[in-house]
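Work through the exercises below with the sequence and the model open. Each task is followed by a solution in steps.

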Amino acid sequence: MTTGTPDHEDDPAERKMRFLFALRSRGVTDARVLTAMERIDRGLFVKGLFADRAYEDMPLPISCGQTISQPSVVGLMTQALGVQPRDVVLEIGTGSGYQAAILSQLARRVYTIDRHRRLVRESSELFRQLSLTNITAVARDGSFGWPEQAPFDRILVTAAAEDPPGPLLAQLKPGGVMVLPVGQSDAVQSLIKVTRLPNGFDYEELRPVRFVPLVEGLASE
Ligand code: SAH
């Protein structure tokens, strides 16, 4: 009987090394971000047909016709956000919960919003299983932010709006940073970094990206 040599794709340690190598080679160099991405297993956030592709650097379909972002984009956005250990962070677009889980390793508290109740339910269950107790998820329209918990040190939007939503700008602390994709939904969008200055906002364009659109209102499921 031959057992054969185990396929290196199936060796978790090797798989993790390749995952981290791919992140570094695409510009994710911040040690804290890499450690967070090493700790949080993306495989737990991708279910069904595409589960075996969870460690590849590509976006994948999740429930409700949405997508979990490409790991290198998650890493670059998190890095651009410059999260500090005492920060309170707001994320718009919970989706699978993967990005929120990464943020939970870097911040004091993470509030995350999705317009799909089902995504909020499923990701909250995962946060509970992983004992990520500093994340709170809620189903509502994220374009209005979360006024009850505002202001925020950092805001990350993972769906594209045509312009930065006014309520989100208003909920950013002085010195606070927001990273978000802007542009028409079916065209190339730009990832931008907005910093709240004492008397206005500074806008920096980071890179072209492609995200699902920020849609108005609560979804039906
Ligand atoms: N950050 C996610 C990926 C987000 S995909 C992850 O790590 O998996 C974009 C998400 O934004 C989708 O789940 C979509 O339902 C949500 N979304 C779109 N418009 C929204 C809105 N107005 N308010 C809240 N969530 C919204």
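**Exercise 1.** Determine how the residues of the shell around the ligand divide into nonpolar, polar and charged.

*Solution.* This is a predicted model. Step 1: the shell to be sorted holds 26 residues, and the closest of them include Ser-96 and Asp-114. Step 2: sorting gives 12 polar, 9 nonpolar and 5 charged residues. Step 3: as for where they come from, at least two shell residues are supplied by each of β2 (67–68), α4 (98–104) and β4 (109–114).

**Exercise 2.** Find the distances from ligand atoms to polar atoms of Ser-96, Asp-141 and Val-215, then state how much of the ligand the protein covers.

*Solution.* Step 1: start with oxygen; one such ligand atom is 2.6 Å from a polar atom in the side chain of Ser-96. Step 2: turn to nitrogen; the side chain of Asp-141 has an N or O atom 2.8 Å from a ligand nitrogen. Step 3: at Val-215 the partner is a polar backbone atom, 2.6 Å from a nitrogen atom of the ligand. Step 4: on its own the ligand has 580 Å² of accessible area, of which the protein covers 99%. Step 5: the space that the ligand takes is the largest pocket.

**Exercise 3.** Locate Phe-50 and decide whether Phe-50 is buried, partly exposed or exposed.

*Solution.* Step 1: Phe-50 belongs to the loop that runs between α2 (31–39) and β1 (60–61). Step 2: buried requires under 20% relative accessible area and exposed over 50%. Step 3: Phe-50 has 30% relative accessibility and therefore counts as partly exposed. Step 4: the C-alpha atoms of Phe-50 and Ala-219 are 24 Å apart, with 169 residues separating the two in sequence.

Note on methods
Residues are numbered from 1 along each chain as its sequence is written. This is a predicted model: local features need pLDDT of at least 70, side-chain atom pairs count only at pLDDT 80 or more; totals for chains, interfaces and linings use all residues. Side-chain values use heavy atoms; hydrogens and water are left out. A residue is near a molecule or strand if one of its heavy atoms lies within 4 Å of it. A polar contact is a pair of N or O atoms within 3.5 Å; within protein, one must be able to donate a hydrogen and the other to accept it, and residues adjacent in sequence count only if both atoms are side-chain atoms. Accessible areas come from the Shrake-Rupley method with a 1.4 Å probe; for residues, only the protein chains shown count as cover. On a 1 Å grid over the protein atoms alone, a cavity is a set of points where a 1.4 Å probe fits but cannot get out, and a pocket is an open set with protein on both sides within 12 Å along at least five of seven lines; lining residues have an atom within 4 Å of a point. A molecule sits in a cavity or pocket if more than half of its atoms lie within 2 Å of its grid points. Helices (H or I, at least four residues) and strands (E, at least two) are DSSP runs, numbered from the N terminus. Ala, Val, Leu, Ile, Met, Phe, Trp, Tyr, Cys and Pro count as nonpolar, Asp, Glu, Lys and Arg as charged, and the others, Gly among them, as polar. Buried means under 20% relative accessible area, exposed over 50%, partly exposed in between (1.4 Å probe, protein chains only).
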